[in-house]
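I set out to read this structure entry by entry and to note what I looked up. The sequence and the structure come before my entries.

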Amino acid sequence: MAQLTCQNLCVGYDGKSVLQDLNFEVFAGDYLYIVGENGSGKSTLMKTILGLQPPISGRILTGDGLRKNEIGYLPQQTVVQKDFPASVREIVLSGCQGRCGSRSFYNKEEKQLAEAAMDKMQITQLAKRCYRELSGGQQQRVLLARALCATQKMLLLDEPVSGLDPKVTAELYALIEKLNREDGITVIMISHDMAAAVKFASHILHIGDTVFFGTKAAYLQSPQGRLFAAEKGGEDQ
Amino acid sequence: MTAVLEKLTLYWAYPFVRYALIVGVLIALCSSLLGVTLVLKRFSFIGDGLSHVAFGAMAIAAVLQITNEMPLVMVITIISAVLLLRTGQDTKIKGDAAIAMISVGALAIGYLLMNIFSTSSNLSGDVCSTLFGSTSILTLSPVEVWLCVGMSVLVVAVFILFYNKIFAVTFDENFARATGTKAGLYNLLIAIVVAVIIVLAMNLVGSLLISALVIFPALSAMRMFKSFRSVTICAAALSVFCALIGILVSILAGTPVGSTIVAAQIIAFGLSWLAGAVIGGVRK
């Protein structure tokens with residue numbers, strides 16, 4: 001059974017739909033790239049999957065042991081966070097909040113989980129540092145560690161590499177790929193970076209005027225994919 | 001120096017001085033706790049807006065000749081707080097505009113009502129004392145002191161119990177909601193606590209200066225400290241300290257209580273800014 005199934009999904013704001021009739025399935029261990037132009041509705045789709053806004057019509061089903069609130073989320077940075085006085089440890093630990101339910105304080109297990117997540121993201125040495133003083137790449141790792149506290153199964157990432165330099169971007173991609181390969185975490189990534197999509201994805205969902213969903217191999221044979229390949233070929237010359 | 005001490009010991013003998021100190025310190029403590037959250041959520045002016053609502057509510061209570069105005073003022077302020085913090089999410093009127101609207105509107109309606117229906121002979125005096133803090137902090141009854149102590153204990157308890165949730169919701173509301181935290185509920189809780197604090201604090205500094213109690217300690221603390229916990233603790237300590245100094249100075253020098261406390265906060269902010277710059281310089 002699929003971890004995440006979208007059936008005839010229609011998403012949008014205030015009753016106006018941005019994207020209609022989406023059908024796709026994500027299985028455990030998949031690495032799905034959602035690509036498309038600006039304004040094609042990628043972020044709206046992501047918010048709908050996360051349950052932050054209701055779908056206009058259609059259904060989103062979770063299965064294979066994945067509960068709705070077990071999807072880890074790496075959001076785009078907000079203005080609030082840019083000058084937020086918080087230490088790295090405090091932020092990572094806040095990822096465990098969903099586990100707490102109505103309990104007020106974090107227990108030992110959750111604190112260990114946070115330490116393990118920081119270790120995995122190689123930011124243990126930054127634990128006491130202030131979030132707003134970190135570099136962009138370090139901040140993304142902190143937020144990734146927080147997302148790992150919230151889930152062991154599925155991560156949704158919203159343009160995680162925007163604004164990062166090429167070296168840091170490559171490092172972050174490598175980390176995410178490792179989570180997908182070694183820990184078996186399903187990854188859904190929203191991105192502009194077509195080159196990375198073709199490199200890392202197992203499946204691609206292309207949204208825009210026409211919608212494509214399928215494996216990477218199928219995508220490269222599709223009209224959208226060939227268009228991309230042609231563009232890339234043009235760049236190479 | 002001995003003269004000052006003698007004068008203080010003399011005043012200390014009066015219960016009203018002790019009451020003023022207790023209430024002042026407690027209110028300063030409570031108002032600073034949520035300051036960090038409010039500043040970061042871009043709601044610095046909510047204190048101002050809500051206190052004007054409370055002012056309007058007081059005017060209504062006065063017109064209706066309700067002797068115990070506290071419950072009415074509290075209810076109206078809480079409702080406004082809930083509405084204001086709700087608009088902060090995604091609505092047509094953005095947070096700052098909504099606050100400005102409600103704040104100015106309530107102020108105008110309040111003054112209008114007082115003007116039309118007032119029974120008092122000293123209207124401008126009444127209005128002035130509600131806006132800039134009355135001397136009523138020096139005329140507190142034991143019942144009012146106990147009420148204030150009770151409310152403060154409640155506010156501090158709620159803050160400590162929900163500290164981690166408040167942090168999660170403030171830092172990243174979407175993430176919190178996506179991972180199963182009931183963000184709406186905690187926003188509601190924050191709104192109610194803010195309203196309670198503001199109604200309590202109106203007695204102390206009046207409705208124009210309330211924002212100072214809410215934001216100055218938070219901003220000062222944010223200059224010097226790096227983690228949410230240390231900022232919160234420092235803000236609370238600074239706020240209490242400034243309130244103490246402010247009340248003592250106002251008693252000794254005969255200055256208005258509210259403005260003296262705010263002046264102390266401003267000086268503290270300046271010093272924190274310097275300290276922050278020095279610490280930052282040393283680290284580099």
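Which residue of β8(A) is the bridge partner of A:Val35? I looked this up and found A:His206. I note at the outset that I am working with a predicted model.

**Entry 1: a strand of chain A**

I turned to the strand pairing behind that question. β3(A), which covers residues 31-36, and β8(A), which covers residues 203-207, pair in the parallel sense over five bridges. I then looked for a pairing with β7(A), residues 186-191, and found that β3(A) and β7(A) also run in the parallel sense, joined by five bridges. There I recorded A:Ile190 as the bridge partner of A:Ile34.

I next asked how far β3(A) is covered. I found that six of its six residues are buried. In a regular strand, side chains point alternately to one face of the sheet and the other. I therefore listed the two sides of β3(A) separately: A:Tyr31, A:Tyr33 and A:Val35 lie on one, A:Leu32, A:Ile34 and A:Gly36 on the other, and all are buried.

**Entry 2: chain B as a whole**

I counted the elements of chain B and obtained 14 helices and zero strands. Of its 284 residues, 48% count as buried. I also looked at contacts in chain B between residues at least 6 apart in sequence, and 74% of these join residues at least 24 apart.

**Entry 3: where the chains meet**

I looked up the contacts between the two chains: 25 residues of chain B are in contact with 23 residues of chain A. On the side of chain B that touches chain A, I noted that α9 (163-171), α10 (173-178) and α13 (228-253) each supply at least two residues. By type, I divided the residues of that side into 13 nonpolar, six polar and six charged.

**Entry 4: a glycine in chain B**

I selected B:Gly47, which I located in helix α4 of chain B, residues 46-63. Is B:Gly47 buried or exposed? I recorded B:Gly47 as buried, because 27 other C-beta atoms lie within 10 Å, where 20 or more suffice.

I then asked which residues B:Gly47 touches. Leaving out residues up to four places away in sequence, I found B:Ile198, B:Ile210, B:Ser211 and B:Val214. I finally checked B:Gly47 against B:Ala191, 144 residues apart along the chain, and noted 11 Å between their C-alpha atoms.

Terms used. Residues are numbered from 1 along each chain as its sequence is written. Chains are lettered from A and ligands numbered from 1 in the order in which they are written. This is a predicted model: local features need pLDDT of at least 70, side-chain atom pairs count only at pLDDT 80 or more; totals for chains, interfaces and linings use all residues. Helices (H or I, at least four residues) and strands (E, at least two) are DSSP runs, numbered from the N terminus. A residue is buried if 20 or more other C-beta atoms lie within 10 Å of its own, exposed if 12 or fewer, and partly exposed in between; C-beta atoms are placed from the backbone. Two residues are in contact if their C-beta atoms, placed from the backbone, lie within 7 Å. Ala, Val, Leu, Ile, Met, Phe, Trp, Tyr, Cys and Pro count as nonpolar, Asp, Glu, Lys and Arg as charged, and the others, Gly among them, as polar. Two strands pair if DSSP finds at least two bridges between them.
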